[in-house]
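Me: I am new to this structure and would like to learn how to read a few of its features. Could you take me through them slowly?

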Amino acid sequence: MDQSKTASTNSLDSDSKSSSINSRQGAEHLTIRDSPFAYLSGEDDQDIKSDVTYVCPYRGPSFGILTITNYRLYFRSHPNQLSEGELPVVVDVPLGLISRVEKIGGSTSRGENSYGIEIFCKDMRNLRFAHKHQNHSRRTVVEKLQAYAFPLSNGGKLFAFSYSEQFPENGWNVYEPLAELRRLGLPNDSWRITKTNENYTVCDSYPAVWAVPKVASDDFLKKVSQFRSRNRLPVLSWIHPKTLATITRCSQPLVGVSGKRSSDDESYLHYIIDGNARSEKLSIMDARPSANAIANKAKGGGYESEESYQSVEINFLDIHNIHVMRESLRKLKEVCYPTIDDSKWLSSIDNTLWLKHIKFILAGAIRIVDKIETMSTSVLVHCSDGWDRTAQLTSLSMLLLDPYYRTLKGFEVLIEKEWLSFGHKFQQRIGHGDSRHSDADRSPVFLQFIDCVWQVGQQFPYSLEFNELFLITILDHLYSCRFGTFLYNTEGERVKEDIKHKTVSLWSMVNSLQEQYKNPMFRANPTGPQIVLKPNASMRNIRLWKGLYCRWNPSMRPQDNIYQRTRELLALQEQLQKQVTECKLKISSRPTPSNTRLASPLH
């Protein structure tokens, strides 16, 4: 085993250069062994094969050593396979990114590299490794991959519970619900803070702390929750500091086919309206297409009738469900990896409908912002259960409305609050440690939100404190299972599993390495008092995020790191400004020449 750990280099090929997962500058307590990579704390070898071929779709076959730990799959080509000056081929993939493993070929397979395994990843990649028949190396590799990529399906535990690295900052302290509500100016004359859900008994998928209308008692809240799907009653997400217009979120009402009514629910929405003195209406933003909302009546759900709910207007935002989004991403992967057909690039992207879905999410958030900022009208957002499309809309509109969420730490708070505490089902949508790759609950809901944030950054390059690498890092570790941040479905489950003490937060690493995740062009107020961002959701302005979806293709990768180049230019600018200031000081400190003239000699 030791002789296979002799090579050492930091070089990465096209399969790992663009990944944020191995970014560890400044991190402590990494285990440095006689190996080609630095082991994380808690990471141990599980299998090593020295005669495996990686079939790269861009560079062709490479013969080398395959290492499997309880955290990653790592391949490195043999040094003697390289020409002079050629970089080794390296593949470094956390096992949490693996969606499924399939065997290729059998005992009768003939032909070079026809016998091996294919690995399908959650980050758009497929990896193929060829094995030799005679040494039966494939069997143990597949067994180890199944055991450690899908531990929850095999009686094991996720790597996050073995990982114990210490960082200068504790990311679990980033979000404190009461502190965030106080930042929003709560409690006030119209809104109060309640801990009625402290034990997660009123709604098991909601956080422990809520902001609700002041006149609504805790007993009344329990009654209202009975008329909302999954007991997810309307609670406050954000309040405008001047107009007091609010964004509240919930799930669909349980009206059903017979058109049931709830006087408690109707009164409760009036309490929300009464909290905003600038408007006598409540705008309900139903994320679904109207046909889907109507169809939900057959399942006991539905939407608010304007006849039953006085002073309410309902808007359908035409954002499709998780199954449509999953299929759209599948099509996008086919277009972007491994090969790209230049002659059909634009039409192929268009046929995936991915950019159209992004447009509708962004357009929905813009409508919410317009109601809040321009009309001073409070908005209630829901979809069916209120944990997918609802989270996309509330968090994106809050990002556009509130500059705090556009800072690096503010964005972390936004994710903790609107996604994690309000019960987006990360475990089911991502499938952490679960081998059921075809599970109907899988869907790229959170990925779409991050894509929308990237779109905002493209239209307002000075307005986000964080850069593209920060967004990619979040997505990479959404899958990696190295950190506890995105594990489980609800706040209640995370409290029960004590993840704050048993795992490390992603924000611990990010906030200890802030400089590499900051946008060097960020200006807190680029044009003076402008606070609200109003992006353009036209299809002409929506772009494919090539830096994410096409990053494994060498032909699509930028040749120059734009952020690094920008930092260098800004540093040079700062240096030149300093020199100008020093020159001005020198000039001002020189003695003023005397104006006295010598008297003419007398004759």
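Reply: Let us begin with residue classes: Ala, Val, Leu, Ile, Met, Phe, Trp, Tyr, Cys and Pro count as nonpolar, Asp, Glu, Lys and Arg as charged, and the others, Gly among them, as polar. This is a predicted model, in which local features need pLDDT of at least 70 and side-chain atom pairs count only at pLDDT 80 or more, while totals for chains, interfaces and linings use all residues. Residues are numbered from 1 along each chain as its sequence is written, and side-chain values use heavy atoms, with hydrogens and water left out.

Me: How do the residues of the lining of the largest cavity divide into nonpolar, polar and charged?

Reply: Rolling a probe the size of a water molecule over the atoms shows where empty space is left. A cavity is a set of points, on a 1 Å grid over the protein atoms alone, where a 1.4 Å probe fits but cannot get out, and lining residues have an atom within 4 Å of a point. The lining here divides into seven nonpolar, no polar and four charged residues, among them Lys122, Asp123 and Tyr479.

Me: Which peptide bonds are cis, and where is Pro338 found?

Reply: Most residues other than glycine have a negative phi, and most peptide bonds are trans. The bond from Leu186 to Pro187 is cis, with omega near 0 degrees, and the bond from Tyr337 to Pro338 is cis, also with omega near 0 degrees. Pro338 is found in the loop between α6 (322–336) and α7 (345–352), where helices (H or I, at least four residues) and strands (E, at least two) are DSSP runs, numbered from the N terminus.

Me: What is phi of Tyr488?

Reply: Phi of Tyr488 is near 70 degrees, a positive value in a residue other than glycine.

Key. On a 1 Å grid over the protein atoms alone, a cavity is a set of points where a 1.4 Å probe fits but cannot get out, and a pocket is an open set with protein on both sides within 12 Å along at least five of seven lines; lining residues have an atom within 4 Å of a point.
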